[in-house]
Amino acid sequence: MFKQLEYSVITVMMEHPPLPHTSTKMAAFGHTFPFYAGPKPTFPMDTALAVIITIFLTALVTFIVILPGIRGKMRLFWMLRVVTSLFIGAVILAVNFSSEWSVGQVSTNTSYKAFSSEWISVDVGLQVGLGGVNITLTGTPVQQLNETINYNEEFTWRLGENYAEEYEKALEKGLPDPVLYLAEKFTPNSPCGLHGQYRLAGHYTSAILWVAFLCWLLANVMLSMPVLAYGGHMLLATGIFQLLGLLFFSMATSLTPPCPLHLGTAMLHTHCGPAFWITLATGLLCVLLGLAMAVAHRMQPHRLKAFFNQSGGEGSVLEWNPEEGGFLSPRYWSTAESPEPQDIPLSEASSETCCKEEHPREPDCAP
């Protein structure tokens, strides 16, 4: 009986020989080992950042189209104000959704995937933002082990998102070892404590930046009205809130000692990313502009009003022109430009008529 069973097994193996080496590695989806279906085609840029940049570029192009309708020096002043304001607003929104507040990159030789002893040469990148972590893995060269090694994975902890569940899904997909290793360091149960540290910093820094964006909106409204001093104050508040956000992020991320990130034969170190530095530059710009407007309002208020295409001041005189629509069409004259009162001599006939109407019994009014 056992001989018949052994013979049957040998016969089946001879009729159906094993597949090549690359196909016997538990390839659940095609020839990708072991479980992951392969890199998905991704948009070359974060969709949130793409939407923000598109909106502000559209607004800028719209203002440039109507620019020829402005004459004289006001064209340059108007263009400078619009570009500066749009730049500040775009930066505040973009850095809020950016994943490059703390970044790091290293080139190393490391293991590729679970249940495999194969090592690969890769560039590993780590980007930590206010709302999550982005991990990139790029082979050098990209084609290794008969595969395309080019991964870009995001793990978020924003409100309504569960980082632990996203990490479990990554384990089920069978992501490469370097990606899973870095993602595991930011899980809530990791002894490094990076999850609570960066999650707290991200939530509060994002809230402070939203306040800065609100101050920017109020500054634009006030600068379009004859309250330039308050507009400068709101611009100053915009910069202060940005700097406060940076201060809180720096303090929150430095509460615990840095966690060592070993990847194969190298160690990954993180540092402040582009989003941090551009927020710092924009915050300082807003503070300087706000202080400059405050000083100009004290020293040269007329030039400040001219720069913002506003005329008139506290000592303005209101003159109504009935020919231009009465009270619906007011004309404003400054004190310096208001016409001086002139004595208009009355004719003798008009003076006699006026005298008779007011004092008919006086002898001086007799003809």
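Helix H6, which spans residues 194-223, packs against helix H7 with an angle of about 170 degrees between them and with their axes 8 Å apart. Because angles over 145 degrees count as roughly antiparallel, H6 is described as roughly antiparallel to H7. Sorted by class, the residues in the contact of H6 with H7 comprise 24 nonpolar and 8 polar ones, with no charged residues. These values, like those that follow, come from a predicted model.

H7 also packs against a second partner, helix H8, which covers residues 274-299; here the angle is about 150 degrees, and the axes are again given as 8 Å apart. This angle makes H7 roughly antiparallel to H8, and H7 passes H8 in a left-handed crossing. The contact of H7 with H8 is made up, by class, of 16 nonpolar and 10 polar residues, and charged residues are absent from it.

A residue that helps to locate this pair of helices is His233, which is found in H7, the helix that runs over residues 228-253. With a relative accessibility of 45%, His233 counts as partly exposed, because that class lies between the buried limit of 20% and the exposed limit of 50%. The C-alpha atom of His233 is separated by 9.3 Å from that of Val287, although the two residues are 54 residues apart along the chain.

Another helix, H3, takes in residues 74-97 and includes Gly89. Gly89 is buried, its relative accessible area being 0%. Between the C-alpha atoms of Gly89 and Leu214 the separation is 9.6 Å, while along the chain these residues are 125 residues apart.

From the helices the account can turn to the nonpolar interior. In soluble globular proteins, nonpolar side chains tend to be buried together. In this model, the largest nonpolar core has 42 residues, of which Trp101, Leu126, Ile135, Phe155 and Phe186 touch the most other members. Strand S2, which runs over residues 119-128, supplies the largest share of this core, with 5 residues. There is also a second, separate core, which consists of 27 residues and has Phe56, Ala90, Trp216 and Met234 among them.

Ile135, one of the core residues that touch the most other members, is found in strand S3. Ile135 is buried, with a relative accessible area of 0%, and its C-alpha atom lies 9.9 Å from that of Gly104, a residue 31 residues away along the chain.

Strand S3, which covers residues 132-144, also holds Asn134. Asn134 has a relative accessible area of 13% and is therefore buried, since buried means under 20%. The side chain of Asn134 makes a polar contact with the side chain of Asn152, at 2.9 Å. Further along S3 comes Pro141, which is joined to Thr140 by a cis peptide bond with an omega of about 5 degrees.

The loop between S3 and strand S4, the latter covering residues 147-156, contains Leu145, and Asn146 is found in the loop between S3 and S4 as well. What is notable about the backbone at Leu145, given that it is not a glycine? Leu145 has a positive phi, of about 55 degrees. Asn146 likewise is not a glycine and has a positive phi, in its case of about 60 degrees. As to accessibility, Leu145 is partly exposed, with a relative accessible area of 37%, whereas Asn146, at 72% relative accessibility, counts as exposed.

Leu145 also links this part of the structure to the loop between strand S1 and S2 in spatial terms, for Glu118 and Leu145 are 8.4 Å apart in space, C-alpha to C-alpha, while they are 27 residues apart in sequence. Glu118 is found in that loop, which follows S1, the strand of residues 102-111. With a relative accessibility of 33%, Glu118 counts as partly exposed.

How values were computed. Residues are numbered from 1 along each chain as its sequence is written. This is a predicted model: local features need pLDDT of at least 70, side-chain atom pairs count only at pLDDT 80 or more; totals for chains, interfaces and linings use all residues. Side-chain values use heavy atoms; hydrogens and water are left out. A nonpolar core is a set of buried Ala, Val, Leu, Ile, Met, Phe, Trp, Tyr and Cys residues joined through side-chain atoms within 4.5 Å. Buried means under 20% relative accessible area, exposed over 50%, partly exposed in between (1.4 Å probe, protein chains only). Helices (H or I, at least four residues) and strands (E, at least two) are DSSP runs, numbered from the N terminus. Axes are lines fitted to C-alpha atoms, for helices over the stretch in contact, and angles run from 0 to 180 degrees between N-to-C directions. Angles under 35 degrees count as roughly parallel, over 145 as roughly antiparallel, 65 to 115 as roughly perpendicular and the rest as oblique. A crossing is left-handed if the near helix is turned anticlockwise from the far one by less than a right angle, and right-handed if clockwise. Ala, Val, Leu, Ile, Met, Phe, Trp, Tyr, Cys and Pro count as nonpolar, Asp, Glu, Lys and Arg as charged, and the others, Gly among them, as polar. A polar contact is a pair of N or O atoms within 3.5 Å; within protein, one must be able to donate a hydrogen and the other to accept it, and residues adjacent in sequence count only if both atoms are side-chain atoms.
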